[in-house]
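The following paragraphs lead through the structure shown here, beginning where two chains meet and moving on to their separate parts. The reader is invited to keep the structure in view while following the text.

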Amino acid sequence: MPTPLFLGEFEQVVLLAILRLGDTAYGVTIRNEIAAQTDREPTPGALYTTLDRMEAKGLITSKLGEATPERGGRSKRYVKVTAKGLEAISRAQRSFQKLLKGLQLPGSAHA
Amino acid sequence: MHKSVMAERILTLVMTPERASPIVGDLMEDAPVRGDLWFWANVVRAALAFLWRQFTTNAPNLTALALRGLAFVVVIDSIYNGIGLPWLVKTLFPNGYYYPSAFKLVAMVFVLMAEKLLIPFGVGLWVARRASGRELAACLSLTLAAYAGRLGFVLVWNYCFNFHLPVLELGFPYFLGAAVLAAIIMRRRALPELPSP
């Protein structure tokens, strides 16, 4: 039985942002989505190394999209969560839910 | 040179052009709002982040390569200092060091600089050729190994003999510069010509 893949906190944030964005997930939109939902803006360097690492682990796949003039004629790299990535994020979130069960945190709906 | 092309050249030192191009595109997209300073700061930060990733994911290989490079540096340096340098000094100053001509002084500076630049450059090329895709990380590892080796040697020497060698010396920037130049040259040779946007 293969060892389950454990995700870091930032990897989980990035995977969830990609899932929320669907087909429009690429560097800029992922960064904006994380900033909008978590009030923290990741640096591009941190985001791109995380995307690179997750692609190497098989958690996401990427493909080149259209090039636009405001990007200096450079393509966007769209990313998508793979089945392995979906399984890993589901497992990580289930663990969080289990840990949260019975806890009363300030500003949280969990009980 | 347009800033996007320059940024792409910097990023391709630590990643493939296929990776670098969309990253530069993303930064270009945000640059009109955030400014040039933000653009360049993030080009450098992204390059450093990928460079650090190369170190962390290839640490055993890079360490082994750096130690092999260090062994080469020690051997070549010993030959240079033991045979080459005395022969050159004798040739340039057959009557001793007193009142040398300006030409001979300049020649001596070149001879001394050759040790500081040519040896790390040559060994840097050798190391970079063996670390395809990670040339810069390999040459920086070599520099770190060389200075860790020198520090160890100086500490042992100073402990064993009543003669104190300086712990820090001016050769470090020369070694670093020559090794990084070697990495850049090898990386450029390994890459296909970057397409113009």
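Between chain A and chain B of this predicted model, 13 residue pairs are in polar contact, both residues of each pair being at pLDDT 80 or more. On the side of chain A that touches chain B, the elements giving two or more residues are α2 (27–38), α3 (44–56), β1 (60–68) and β2 (74–81). Of these, α3(A) provides the largest share, with eight residues. By character, the residues on this side of chain A divide into 10 charged, eight polar and six nonpolar. The contact as a whole involves 24 residues of chain A and 24 residues of chain B. The two chains bury about 2000 Å² between them, and carbon and sulfur atoms account for 50% of that area.

Salt bridges also cross this interface, and their count between chain A and chain B is eight. Over all chains, the count comes to 17. One of the bridges between the chains pairs R74(A) with E8(B), whose closest N and O atoms are 2.4 Å apart. Another salt bridge brings together the side chains of R71(A) and D26(B), at 2.7 Å from N to O. Because R71(A) lies in the loop between β1 and β2 of chain A while D26(B) belongs to helix α2 of chain B, this pair joins two chains. Both R71(A) and D26(B) are buried. In addition, a network of salt bridges links R31(A), E41(A), D30(B) and R34(B).

Helix α2 (residues 17–34) of chain B also holds E29(B). Which residues does E29(B) contact, leaving aside its neighbours within four places in sequence? They are Y26(A), V28(A), E70(A), R71(A) and K76(A). With Y26(A), the contact of E29(B) is a polar one between side chains, at 2.6 Å. R71(A) thus appears both among the contacts of E29(B) and in the salt bridge with D26(B).

Chain A may now be considered by itself. Its secondary structure comes to four helices and two strands, which follow the pattern α-α-α-β-β-α along the sequence. The C-alpha trace of chain A spans about 50 × 40 × 20 Å along its principal axes. Chain A has 111 residues, of which 41% count as buried. Among the contacts in chain A with a separation of 6 or more, 50% are between residues 24 or more positions apart. Within this chain, R91(A) and E87(A) form a salt bridge through their side chains, at 3.1 Å from N to O. R91(A) and E87(A) are separated by about one helical turn because they stand four residues apart in helix α4 (residues 83–100) of chain A.

A salt bridge in chain B joins K3(B) and D36(B), with the closest N and O atoms 2.5 Å apart. This pair links distant parts of the chain, since K3(B) is in helix α1 (residues 3–11) of chain B and D36(B) is in helix α3 of chain B, 33 residues apart. K3(B) has a relative accessible area of 22% and is therefore partly exposed, as the buried class requires a value under 20%. D36(B) likewise counts as partly exposed, at 44% relative accessibility.

The domain assignment divides chain B into domain 1 (3–56) and domain 2 (58–190). The C-alpha centres of these two domains lie 31 Å apart. Their contact takes 10 residues from domain 1 and 12 residues from domain 2 of chain B. The area buried between the two domains is about 980 Å², with 55% of it given by carbon and sulfur atoms. On the domain 1 side, L13(B), Q54(B) and F55(B) lose the most area to domain 2, together 64% of what that side buries. How many salt bridges are counted between domain 1 and domain 2 of chain B? The count is zero, while seven residue pairs, both residues at pLDDT 80 or more, are in polar contact across that interface. Helix α3 (residues 36–57) of chain B gives the most to the side of domain 1 that touches domain 2, with four residues. The residues of that side divide into five nonpolar, four polar and one charged.

N58(B) is placed in the loop between α3 and α4 (59–92) of chain B. With a relative accessible area of 15%, N58(B) is buried. A polar contact of 3.2 Å joins the side chain of N58(B) to that of T57(B).

Key. Residues are numbered from 1 along each chain as its sequence is written. Chains are lettered from A and ligands numbered from 1 in the order in which they are written. This is a predicted model: local features need pLDDT of at least 70, side-chain atom pairs count only at pLDDT 80 or more; totals for chains, interfaces and linings use all residues. Side-chain values use heavy atoms; hydrogens and water are left out. Contact means heavy atoms within 4.5 Å. Buried area is the accessible area (1.4 Å probe) that two parts lose on being put together, summed over both. A salt bridge is a side-chain nitrogen of Lys or Arg within 4 Å of a carboxyl oxygen of Asp or Glu. A polar contact is a pair of N or O atoms within 3.5 Å; within protein, one must be able to donate a hydrogen and the other to accept it, and residues adjacent in sequence count only if both atoms are side-chain atoms. Ala, Val, Leu, Ile, Met, Phe, Trp, Tyr, Cys and Pro count as nonpolar, Asp, Glu, Lys and Arg as charged, and the others, Gly among them, as polar. Domain bounds come from an automatic or database domain assignment. Buried means under 20% relative accessible area, exposed over 50%, partly exposed in between (1.4 Å probe, protein chains only).
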